[in-house]
Amino acid sequence: MTVSRLLQNFKGARALVVTTNRAAVEALESTLAKLGVVSEFPEIRDGRAQLDLAQLDPERDILFVDGDLEGVLDLESGPGGRLPAVPVIGLVGVEAPSRLKSLIHLGATSFLRKPVHGAAVYMALFLGVNQFQLRGGLRARIEDMERRRHGRRFVIKAIVRLMSQAGIDDDAAYDLLRRESMRSRMSLEDYCEEYLRRRANEPTRLAQGDMPERRANRD
């Protein structure tokens, strides 16, 4: 289900419904079937769902979790806990803040009241899945920004080294490194880190390849 656009058709998905109250979710199962979604009910033994979260398929699976079952998933609860890698929709019976908070900490991006009414299922499914996708995209962008921020120190070091070695100013050094990174099909940060690694033992590397210093001198 990893897409950049909003999903509207859920045919072929699998709903894993974690609950001990099948009667409260009868409408959920029948409505999901009409939407082309297969429902499965993992066994709950000793208060834990017999479900391997690591085996869930992010491209297919959707997890419905009954908020009245405390600790039913094998997860570390809390803001820093490990979240399922699939959309989570909370099934809410008692609307206590503590129950809602627990579902949010499990990664719930949408909710359904119990007993479930068929008319509410599609909206909860639409919101839950698409909010999960948007959250995942935001997380990926933040991780990329953090990686680039970390790599900026390599860019600065590479610019300073190239200025010293090739006798050029900072703008020329940056442009040259940027062109070389594009030529190598690498990000600027990754290219500069690799460039500094190659040049760490300069006497043994000087004769190898066409280094940016040589290109600068030719230019």
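## Briefing: a parallel sheet, its buried Asp66, and the salt bridges

The side chain of Asp66 comes within reach of the backbone nitrogen of Asp68, at 2.9 Å. This is a predicted model, and the points below begin with the sheet, move to the strand that holds Asp66, and then turn to helix α5 and to the salt bridges.

**The sheet**

- Five strands make up an open sheet, in which the order is β2-β1-β5-β6-β7 and the pairing is parallel.
- At the edges of this sheet stand β2 (38–40) and β7 (108–113), each of which pairs on one side only.
- From one strand to the next, the twist averages 25°.
- Helix α2 (residues 97–105) packs on the sheet, where it touches β5, β6 and β7, and the direction of the helix makes about 140° with that of β7.

**Strand β5 and its partners**

- Strand β1 (residues 14–18) runs parallel to β5 and is joined to it by five bridges; within this pairing, Leu16 stands opposite Leu63 of β5.
- With strand β6 (residues 88–92), β5 also pairs in the parallel sense, here over four bridges.
- Two of the residues of β5 can be followed across to β6, since Phe64 has Ile89 as its bridge partner, while Val65 has Gly90.
- In a regular strand, side chains alternate between the two faces of the sheet.
- In β5 both faces are covered, with Asp61, Leu63 and Val65 buried on one side and Ile62, Phe64 and Asp66 buried on the other.
- Counted along the strand, six of the six residues of β5 are buried, and the strand is described as mostly covered.

**What surrounds Asp66?**

- Asp66 belongs to strand β5, which spans residues 61–66.
- Asp66 has a relative accessible area of 2%, and because this is under 20% the residue counts as buried.
- Leaving out residues up to four places away in sequence, Asp66 touches Val18, Thr19, Thr20, Leu91 and Lys114.
- With one of these residues, Thr19, the side chain of Asp66 forms a polar contact of 2.7 Å.
- Asp66 also takes part in a network of salt bridges that links it with Asp68, Arg99 and Lys114.

**Helix α5 and the loop before it**

- Helix α5 (residues 188–199) has twelve residues and reaches 16 Å from its first C-alpha to its last, which is close to the 16 Å expected at 1.5 Å a residue.
- Buried residues of α5 include Leu188, Tyr191, Cys192, Tyr195 and Leu196, and charged residues such as Glu189, Arg198 and Arg199 are buried as well.
- Ser187 is found in the loop between α4 (170–183) and α5, and a polar atom of the Ser187 side chain lies 3.1 Å from the backbone nitrogen of Asp190.
- Is Ser187 buried or exposed? Its relative accessibility is 16%, so Ser187 counts as buried.
- Apart from its neighbours within four places in sequence, Ser187 is in contact with Arg147, Arg148 and Ser181.

**Salt bridges**

- Side chains of opposite charge can pair when their charged atoms come close.
- Across the whole structure, a search finds 13 salt bridges.
- One of them joins the side chains of Arg22 and Glu29, at 3.7 Å from N to O; Arg22 is partly exposed, with a relative accessible area of 44%, and Glu29 is likewise partly exposed, at 32%.
- Another salt bridge joins Glu146 and Arg149, whose side chains meet at 2.6 Å from N to O.
- Why are Glu146 and Arg149 separated by about one helical turn? Both lie in helix α3 (residues 118–166), and they are separated by about one turn because they are three residues apart.
- An α-helix has 3.6 residues a turn, so residues three or four places apart point the same way.
- Glu146 is partly exposed, with a relative accessible area of 41%, whereas Arg149 is exposed, with 54%.
- Glu194 forms a salt bridge with Arg197, and the closest N and O atoms of this pair are 2.5 Å apart.
- Glu194 and Arg197 both lie in helix α5, where they are three residues apart, about one turn of the helix, and Glu194 is partly exposed, with a relative accessible area of 25%.

Key: Residues are numbered from 1 along each chain as its sequence is written. This is a predicted model: local features need pLDDT of at least 70, side-chain atom pairs count only at pLDDT 80 or more; totals for chains, interfaces and linings use all residues. Side-chain values use heavy atoms; hydrogens and water are left out. Buried means under 20% relative accessible area, exposed over 50%, partly exposed in between (1.4 Å probe, protein chains only). A polar contact is a pair of N or O atoms within 3.5 Å; within protein, one must be able to donate a hydrogen and the other to accept it, and residues adjacent in sequence count only if both atoms are side-chain atoms. Contact means heavy atoms within 4.5 Å. The expected span of a helix is 1.5 Å times one less than its number of residues. A salt bridge is a side-chain nitrogen of Lys or Arg within 4 Å of a carboxyl oxygen of Asp or Glu. Two strands pair if DSSP finds at least two bridges between them. Axes are lines fitted to C-alpha atoms, for helices over the stretch in contact, and angles run from 0 to 180 degrees between N-to-C directions.
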